[in-house]
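Q: Could you show me how to read a structure, one feature after another?
A: Gladly; let us look at it together and take the features in turn.

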Amino acid sequence: MQYDSNHALLSTSIPEIGEPKRGKVRDVYDLGDTLLFVATDRISAFDCIMPNGIPGKGRILTQLSLNWFKLLTGLKNHLVTADVKAYPAALQKYAADLEGRSMIVRKLKMLPVECIVRGYLTCSGWESYQKSGKVCGIPLRAGYVNADKLDEPIFTPTTKEESGHDMAITAAELATRIGQKLTDALQNASISLYKQAADFARTRGIIIADTKFEFGVDESGDLVLGDEVLTPDSSRFWPVDSYKPGKNPPSLDKQFVRDWLDSIHFNHQPPAPVLPPEIVAKTQEKYESALAQLKA
Ligand SMILES: Nc1ncnc2c1ncn2[C@@H]1O[C@H](COP(=O)(O)OP(=O)(O)OP(=O)(O)O)[C@@H](O)[C@H]1O
Ligand SMILES: [Mg+2]
């Protein structure tokens with residue numbers, strides 16, 4: 001296990017079960033029919049991993065996903081267990097590192113699409129609307145201002161690229177890749193999950209401006225919600241209190257890190273700069289506050 005000087009977990013190593021597949025944030029170990037999903041404290045922005053981590057971030061992400069798996073209904077999800085005592089014997093000596101930041105999940109055939117749902121108009125969506133009146137090919141009515149709530153949430157999928165940036169595609173383009181039936185199922189599931197979550201979050205003082213889901217198919221051919229769910233890494237969270245249409249709301253998510261990177265003119269190419277202590281501390285505070293407010 002590799003920690004940085006701030007005690008953020010940067011990388012895991014469990015030789016007993018082999019080498020993990022390392023994503024930007026998660027280390028994923030193959031356990032046969034299941035996967036051990038470990039959320040590290042790594043943070044990425046603009047598809048680049050920062051050299052230092054946010055202490056405790058992996059635990060916050062895992063606790064939030066578990067929270068949503070408990071709350072959201074209407075679809076299977078991939079969670080098997082997050083109880084470390086129930087993990088295979090070979091993992092027990094790593095219990096302290098795995099506790100709170102890991103889960104065992106069913107291995108799914110993941111669909112190569114990021115299912116983005118936007119309930120509000122912001123950032124790239126707002127820019128595109130100003131230019132063309134559309135977001136990812138979807139025409140919207142005139143008259144919206146920055147950060148406005150959309151009349152209805154929209155589904156704006158992207159491809160999932162092995163390397164490089166994901167690409168926005170329309171639902172029609174998605175249908176030519178994976179079929180109309182599956183596209184409709186993804187769209188309906190994504191919108192329904194977003195609405196359930198947004199309604200709940202609102203009661204906790206948080207607006208979920210947008211989010212990204214990933215789905216897979218299980219051995220019986222059913223659509224299953226996978227990956228992480230409705231975390232500050234995969235969503236935009238805005239405190240209701242400071243929300244005002246027309247201006248960019250302060251957020252409880254990664255936008256803060258992106259804004260800092262933009263302020264120092266980071267060119268979005270690795271190597272990324274080290275995040276200074278005050279940016280680490282503030283990010284940690286935002287993630288913690290999202291969990292505290294959303295915990296059921
Ligand atoms: N149940 C599942 N079965 C198989 N793979 C899964 C499952 N749930 C999530 N995944 C995949 O595991 C990886 C999680 O790691 P992480 O989120 O760190 O990756 P990432 O940096 O987002 O990488 P990627 O660009 O591949 O999504 C993702 O590639 C995700 O698609
Ligand atoms: Mg991911």
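**Two helices that meet**

A: In this predicted model, Ala171, Leu174, Ala175 and Ile178 of helix H4 meet Gln180, Leu182, Thr183, Leu186 and Gln187 of helix H5.

Q: At what angle do helix H4 and helix H5 pack, and how far apart are their axes?
A: Helix H4, which covers residues 171–178, and helix H5, which covers residues 180–203, pack at an angle of about 130 degrees, and their axes are 7 Å apart.

Q: Which word describes how H4 and H5 lie to each other?
A: One compares the angle with fixed ranges, in which over 145 degrees counts as roughly antiparallel and 65 to 115 as roughly perpendicular, while an angle outside the named ranges counts as oblique. H4 and H5 are therefore oblique to each other, and the crossing in which H4 passes H5 is right-handed.

Q: Is strand E10 largely enclosed or largely open?
A: The idea is to see how many of its residues are buried, where buried means under 20% relative accessible area. In strand E10, residues 102–106, 4 of the 5 residues are buried, so the strand is largely enclosed by the rest of the structure.

Q: Which strands are joined to E10 by bridges?
A: Strand E5 (residues 34–39) is joined to E10 by 5 bridges, and the two run antiparallel; within this pairing, serine 102 of E10 is the bridge partner of valine 38. Strand E9 (residues 79–81) also runs antiparallel to E10, with 2 bridges between them, and here leucine 79 stands opposite valine 105 of E10.

Q: Is threonine 211 buried or exposed?
A: Threonine 211, which lies in strand E17 (residues 206–217), has a relative accessibility of 2% and so counts as buried.

Q: What does threonine 211 touch?
A: Leaving aside residues up to four places away in sequence, threonine 211 touches Cys115, Ile116, Val117, Tyr194, Leu230, Ser234 and Ser235. With serine 235 there is also a polar contact of 2.8 Å, which joins the two side chains.

Q: Which residues of helix H6 are buried, and what do the buried residues pack against?
A: For a helix, one can list the buried residues and then look for their neighbours. In helix H6 (residues 255–263), Gln255, Val257, Arg258, Trp260 and Leu261 are buried. The buried residues of H6 pack against strand E6 (44–45), helix H3 (123–132), strand E19 (235–239) and helix H7 (277–294).

Q: What is the phi of histidine 265, which follows H6?
A: Histidine 265 has a positive phi, near 60 degrees.

Note on methods
Residues numbered from 1 in each chain as written. Chains lettered and ligands numbered in written order. Predicted model: local features only at pLDDT ≥ 70, side-chain atom pairs only at ≥ 80, totals over all residues. Heavy atoms only, no water. Buried < 20%, exposed > 50% of the residue type's maximum accessible area, 1.4 Å probe, protein only. Helix = DSSP H or I, 4+ residues; strand = E, 2+ residues; numbered from the N terminus. Contact = heavy atoms within 4.5 Å. Pairing = 2+ DSSP bridges. Polar contact = N/O pair within 3.5 Å; in protein donor to acceptor, adjacent residues only side chain to side chain. Axes fitted to C-alpha atoms, helices over the stretch in contact; angles between N-to-C directions. Parallel < 35°, antiparallel > 145°, perpendicular 65-115°, else oblique. Left-handed = near helix turned anticlockwise from the far one by under 90°.
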